[in-house]
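Please study the structure shown below, then work through the exercises in order. Each task is followed by a solution in steps.

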Amino acid sequence: NLRKYLKNGGFLMAEACCGRRSFNSSFIREMKKVMPECSLTQIPNDSQVLSLPNLIKTLGITPALSAQLGNQSTIHPKLFGINIDGHYGVIYSPYGIAGGWEMSQNPYAFGYDNAGSLSLGENILFYAVTH
């Protein structure tokens with residue numbers, strides 16, 4: 001049913017809650033079952049997903065992700081997508097976003113900070129409703 005939904009113009013946005021590696025590997029595995037002819041590929045930094053309505057070059061990250069990445073305070077956005085008939089039918093973040101939307105970050109979350117999560121969410125929503 002998910003395959004049919006996506007092939008008929010549906011949209012799926014997912015994120016690895018708190019950036020959990022087990023969710024990441026499971027999501028990739030399950031998407032290969034749903035769309036075996038497609039693969040999740042990194043969305044380029046010049047994509048509309050990262051430029052409208054907010055031009056996103058870097059995003060702040062949570063303290064746990066910062067520590068994991070050698071104390072960086074910002075990173076380039078890391079999103080993956082499945083291109084279906086010329087548009088992303090699936091957009092996926094291996095880093096947490098929802099904690100930022102809720103403005104209630106888990107102290108152990110590997111994700112984007114509140115402001116970055118909100119900007120990224122606005123862009124993903126904008127992309128979903130305009131494509």
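The exercises below treat a predicted model, going from the whole chain to single residues.

**Exercise 1. The chain as a whole**

Task: State how many helices and strands the protein chain has, and decide whether its radius of gyration agrees with that of a compact globule.

Solution.
Step 1. The elements are counted: the protein chain has 5 helices and 6 strands.
Step 2. They are placed in order. From the N terminus on, the elements run α-β-α-β-β-α-β-β-β-α-α.
Step 3. The radius of gyration is compared with the expected value. A compact globule with 131 residues would have a radius of gyration near 14 Å, and the protein chain has 14 Å, so the two agree.
Step 4. The dimensions are added: the C-alpha trace spans about 40 × 30 × 25 Å along its principal axes.
Step 5. Burial and surface complete the description. Of the 131 residues, 42% count as buried. The accessible surface comes to about 7,100 Å², and 55% of this area belongs to carbon and sulfur atoms.
Step 6. Contacts across the sequence are considered last. Among contacts between residues at least 6 apart in sequence, 65% join residues at least 24 apart.

**Exercise 2. The sheet**

Task: Determine in which order the 4 strands of the open sheet lie, and which strands are at its edges.

Solution.
Step 1. The order of the strands in the open sheet is β1-β6-β5-β2, with mixed pairing.
Step 2. The edge strands are β1 (12-15) and β2 (41-42), each of which pairs on one side only.
Step 3. A general principle is recalled: strands of a sheet pair through backbone hydrogen bonds, either parallel or antiparallel.
Step 4. The pairs are now taken in turn. β1 and β6 (residues 87-93) run parallel and are joined by 4 bridges. In this pair, leucine 12 has valine 90 of β6 as its bridge partner, and alanine 14 has tyrosine 92.
Step 5. β5 and β6 pair in the antiparallel sense over 5 bridges. Isoleucine 82 stands opposite valine 90 in β6, and asparagine 83 stands opposite tyrosine 88.
Step 6. β2 and β5 also pair in the antiparallel sense, over 2 bridges. Here the bridge partner of glutamine 42 is phenylalanine 80 in β5.
Step 7. The connection of β5 to β6 is a hairpin with 2 residues between the strands, in which aspartate 85 takes a positive phi near 55°.

**Exercise 3. Cover over the sheet**

Task: Find how many residues of β5 and of β6 are buried, and which strands helix α2 lies across.

Solution.
Step 1. In β5, 4 of 5 residues are buried, and the strand is mostly covered.
Step 2. In β6, 7 of 7 residues are buried.
Step 3. Helix α2 (residues 21-34) lies across β1, β5 (80-84) and β6, and runs at about 155° to β6.
Step 4. One residue serves as an example. Histidine 87 lies in strand β6. Its relative accessibility is 17%, under the limit of 20%, and therefore histidine 87 counts as buried.
Step 5. Apart from its neighbours within four places in sequence, histidine 87 is in contact with Ile82, Tyr127 and His131.

**Exercise 4. Backbone geometry in the loops**

Task: Compare cysteine 18 and asparagine 71: which is buried and which is exposed? Then identify what kind of peptide bond joins leucine 52 to proline 53.

Solution.
Step 1. Cysteine 18 is found in the loop between β1 and α2. Although cysteine 18 is not a glycine, its phi is positive, at about 60°.
Step 2. Asparagine 71 lies in the loop between α3 (63-68) and β4 (74-75). Its phi is near 65°, again a positive value in a residue other than glycine.
Step 3. The cut-offs are applied: buried means under 20% relative accessible area, and exposed means over 50%. Cysteine 18 has 18% relative accessibility and so counts as buried. Asparagine 71 has a relative accessible area of 62% and is therefore exposed.
Step 4. Proline 53 is placed in the loop between β2 and β3 (59-60). The peptide bond from leucine 52 to proline 53 is cis, with omega near -5°.

Methods. Residues are numbered from 1 along each chain as its sequence is written. This is a predicted model: local features need pLDDT of at least 70, side-chain atom pairs count only at pLDDT 80 or more; totals for chains, interfaces and linings use all residues. Side-chain values use heavy atoms; hydrogens and water are left out. Two strands pair if DSSP finds at least two bridges between them. Contact means heavy atoms within 4.5 Å. Axes are lines fitted to C-alpha atoms, for helices over the stretch in contact, and angles run from 0 to 180 degrees between N-to-C directions. Buried means under 20% relative accessible area, exposed over 50%, partly exposed in between (1.4 Å probe, protein chains only). The radius of gyration is taken over C-alpha atoms; the globule rule is 2.2 Å times the number of residues to the power 0.38. Accessible areas come from the Shrake-Rupley method with a 1.4 Å probe; for residues, only the protein chains shown count as cover.
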